[in-house]
Amino acid sequence: QVQLVESGGGLVQPGGSLRLSCAASGSIFSIFAISIYAMEWYRQAPGKQRELVAALSRAGSTNYADSVKGRFTISRDNAKKTLYLQMNSLKPEDTAVYYCRLGHPADYWGQGTQVTVSS
């Protein structure tokens, strides 16, 4: 019913930047605009629990994990049905698989994209 496809991950040196994209598609969007859904980015590092990185509410407000505040920016292009995560000043501890989620009032996840920050 809903497909979320992340892209933009890869290997980057510390201090570098990446922009992740999450393209949404599915029959549900012929009925409901993507703007009615909250959307989030999560990440999961090896041996750690999945954690919320950034959230975009239905009203358009944003929220970030303390560890990424001032470095990451979440945004959405409603016409393209695409969620973005601009990541700047990347650190080795940002290394993880990043997932997007189509949230309230739904609950769908993408397959994830690997981000590796290493020199």
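These are my notebook entries on a predicted model, set down in the order in which I looked things up.

**Entry 1: the four-stranded sheet**

I began with the strand order, and I found an open sheet of four strands in the order 1-3-8-7, with antiparallel pairing. Strand 1 and strand 7, the latter covering residues 72-77, are the edge strands, since each of them pairs on one side only. From one strand to the next, the twist averages 15 degrees.

I then went through the pairings within this sheet. Strand 1 pairs with strand 3 (residues 18-25) in the antiparallel sense over five bridges, and within that pairing I located Leu4 opposite Ala24 of strand 3. Strand 3 is joined to strand 8 (residues 82-87) by six bridges, and these two strands also run antiparallel; here I noted that Ser21 has Tyr84 of strand 8 as its bridge partner.

Which side chains of strand 1 are buried, and which are not? Over residues 3-7 I saw an alternation, in which Leu4 and Glu6 point to one face and are buried, whereas Gln3, Val5 and Ser7 point to the other face and are not. This fits the general rule that side chains in a regular strand alternate between the two faces of the sheet.

**Entry 2: the disulfide**

How many disulfides does a search of the whole structure find? I obtained one, formed by Cys22 and Cys100, whose sulfur atoms lie 1.9 Å apart. The pair links distant parts of the chain, with Cys22 in strand 3 and Cys100 in strand 9 (residues 96-102), 78 residues apart.

I also looked up the handedness: the torsion about the S-S bond of Cys22 and Cys100 is about 45 degrees, and the disulfide is therefore right-handed. As to exposure, Cys22 has a relative accessible area of 0% and is therefore buried, and Cys100 likewise counts as buried at 0% relative accessibility.

**Entry 3: strand 4 and its partners**

I turned next to strand 4 (39-44), which is mostly covered, five of its six residues being buried. Antiparallel to strand 4 runs strand 5 (residues 51-56), joined to it by five bridges, and six bridges join strand 4 to strand 9, again in antiparallel fashion. Tyr42 appears in both of these pairings in my notes, for it stands opposite Leu52 in strand 5 and opposite Tyr99 in strand 9.

In the hairpin of strand 4 and strand 5 I counted six residues between the strands, and there Gly47 takes a positive phi near 75 degrees.

**Entry 4: backbone details in the loops**

Which residues other than glycine did I record with a positive phi? One is Lys81, with phi near 55 degrees, and another is Ser89, with a value of about 50 degrees. Lys81 lies in the loop between strand 7 and strand 8, while Ser89 is placed in the loop between strand 8 and strand 9. With a relative accessible area of 28%, Lys81 is partly exposed, and Ser89, at 41% relative accessibility, counts as partly exposed too.

I then checked the peptide bond between His104 and Pro105, which is cis, with omega about 10 degrees. Pro105 is found in the loop between strand 9 and strand 10 (108-109), and its relative accessible area of 49% makes it partly exposed; the cut-off matters here, because exposed means over 50%. I also took down a distance across the chain, namely that the C-alpha atoms of Pro105 and Arg58, 47 residues apart in sequence, are separated by 9.5 Å.

Ile34 belongs to the loop between strand 3 and strand 4, yet with a relative accessible area of 3% Ile34 is buried. Its C-alpha atom and that of Gly60, 26 residues apart along the chain, are separated by 12 Å.

**Entry 5: the largest pocket**

Last, I looked up the largest pocket, which holds about 150 Å³ of space. Its lining consists of Arg43, Gln44, Ala45, Lys48, Gln49, Glu51, Ser67, Glu93, Thr95 and Ala96. Sorted by class, I recorded two nonpolar, four polar and four charged residues in this lining.

Definitions and conventions
Residues numbered from 1 in each chain as written. Predicted model: local features only at pLDDT ≥ 70, side-chain atom pairs only at ≥ 80, totals over all residues. Heavy atoms only, no water. Buried < 20%, exposed > 50% of the residue type's maximum accessible area, 1.4 Å probe, protein only. Pairing = 2+ DSSP bridges. Disulfide = S-S within 2.5 Å. 1 Å grid on protein atoms, 1.4 Å probe; cavity = no way out; pocket = protein on both sides within 12 Å on 5 of 7 lines; lining within 4 Å. Points joined across faces, edges and corners; volume = space filled by probe spheres on them. Nonpolar A, V, L, I, M, F, W, Y, C, P; charged D, E, K, R; others polar. Axes fitted to C-alpha atoms, helices over the stretch in contact; angles between N-to-C directions.
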